[in-house]
Amino acid sequence: MADHTHHHHHHHGGDGGPEAAEREAALAEMLDLDAELLHSLHSEVVDLVAEHAGRVRRFVDLGSGTGAGTFALLARFPEAEAIAVDGSPQMTERLLGTAETSGTASRVRAIEADLDEAWPDFGGELDLAWSATAMHHMAQPARAMREVFEALRPGGLFALVEIDSQPRFLPEELGIGRPGLEDRCRALLEAQLAVELPYLGADWGPLLTGAGFEVAAERRFTAEPTPTDSKAAGRYAQLVLRGLRDRVAGLATADDLAVLDQLTADDGPHSVLRRDDLTVRAERQVWLGRRPVE
Ligand SMILES: C[S@@+](CC[C@H](N)C(=O)[O-])C[C@H]1O[C@@H](n2cnc3c(N)ncnc32)[C@H](O)[C@@H]1O
């Protein structure tokens, strides 16, 4: 999922005091809600991977977060074992907790490692590498691509899943403030992110071929913008919009910020926790890179 509240300069959760821990907790909750609410989007992506991957016995999930990808792939490849790698100990702990409760613990190994540093030893060749919305956090994505290439067996597949922006939730007319709030604030945020995370929304094809991969598929998936008034959608919108509000605090107008405050409040008539006019609109871009056999 989309995490724009925290970037590669401070992704090591735990070393930044209580505020960083809170941010990590919010991110973890957001990732779980993303997995739940965008379940059919994610399974379309996993379907595409399964079409191309062949037999998968060992795979790695790079920047696994709470394990949305890890568990979806474990379900899709019943004979596979997973190695989940993340720089944040909160994420790997949560992932291992889910492995316990879902009965997959014997098939999952978690590694806490900063992928901007030396890469961990995966203990043998991999059939599949998966990375969802994590590669744009890497300081040197081209180097990361080469590491993935080396870790895969010849013929192995790299599934690179990316986003170009965060999900949207709000209707144009909110019944409060000037229409078009979400688009306006997103535009402000995206101008900032273009500088901070230059690979967000990048064309990853050339990076893959540069590392030696053949691009086996390139697809864009869009979630059906189904109207939803579920609790989960409200909470997801609250977390994402709070992140947005923090990021545009110095850029948006006072009026827009005041509306964002009302939308993200825990109560009040305009709170997203209460609204019945939210739709979750999201997409994913997927590149499948194959390590050539020869
Ligand atoms: C937006 S989350 C995506 C999580 C998960 N792949 C998903 O799709 O739900 C990005 C994850 O990448 C991790 N990450 C970012 N930079 C990293 C790095 N340099 N090394 C290891 N993990 C990193 C973060 O800790 C976070 O869990």
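**Exercise 1.** Which residues of H1 are buried, and what do they pack against?

*Solution.* The model is predicted. Start with the burial list: Ala20, Glu24, Leu27, Ala28, Met30, Leu31, Leu33 and Asp34 are buried in H1. An α-helix has 3.6 residues a turn, so residues three or four places apart point the same way. Next, find the partners. The buried residues of H1 pack against three helices, H2 (39-53), H4 (89-101) and H8 (231-247), and against strand E9 (283-290).

**Exercise 2.** Check the end-to-end span of H1 against its residue count.

*Solution.* Helix H1 covers residues 17-37, which is 21 residues. At 1.5 Å a residue, the expected span is 30 Å. The end C-alpha atoms lie 30 Å apart, so expectation and model agree.

**Exercise 3.** Describe how H1 packs on H8.

*Solution.* Two packed helices are described by the angle between their axes and the distance between the axes. Here the axes of H1 and H8 come within 10 Å and cross at roughly 135°. Angles over 145 degrees would count as roughly antiparallel, so H1 is oblique to H8. The crossing is left-handed. H1 contributes Ala26, Glu29, Met30, Leu33, Asp34, Glu36 and Leu37 to the contact. H8 supplies Ala232, Ala233, Arg235, Tyr236, Leu239 and Val240. Sorted by class, the contact has nine nonpolar, four charged and no polar residues.

**Exercise 4.** What is notable about phi of Thr133, and is the residue buried or exposed?

*Solution.* Locate Thr133 in the loop between strand E4 (126-132) and helix H5 (141-151). Most residues other than glycine have a negative phi. Phi of Thr133 is positive, near 45°. Relative accessibility is 7%, so Thr133 counts as buried.

Definitions and conventions
Residues are numbered from 1 along each chain as its sequence is written. This is a predicted model: local features need pLDDT of at least 70, side-chain atom pairs count only at pLDDT 80 or more; totals for chains, interfaces and linings use all residues. Side-chain values use heavy atoms; hydrogens and water are left out. Helices (H or I, at least four residues) and strands (E, at least two) are DSSP runs, numbered from the N terminus. The expected span of a helix is 1.5 Å times one less than its number of residues. Buried means under 20% relative accessible area, exposed over 50%, partly exposed in between (1.4 Å probe, protein chains only). Contact means heavy atoms within 4.5 Å. Axes are lines fitted to C-alpha atoms, for helices over the stretch in contact, and angles run from 0 to 180 degrees between N-to-C directions. Angles under 35 degrees count as roughly parallel, over 145 as roughly antiparallel, 65 to 115 as roughly perpendicular and the rest as oblique. A crossing is left-handed if the near helix is turned anticlockwise from the far one by less than a right angle, and right-handed if clockwise. Ala, Val, Leu, Ile, Met, Phe, Trp, Tyr, Cys and Pro count as nonpolar, Asp, Glu, Lys and Arg as charged, and the others, Gly among them, as polar.
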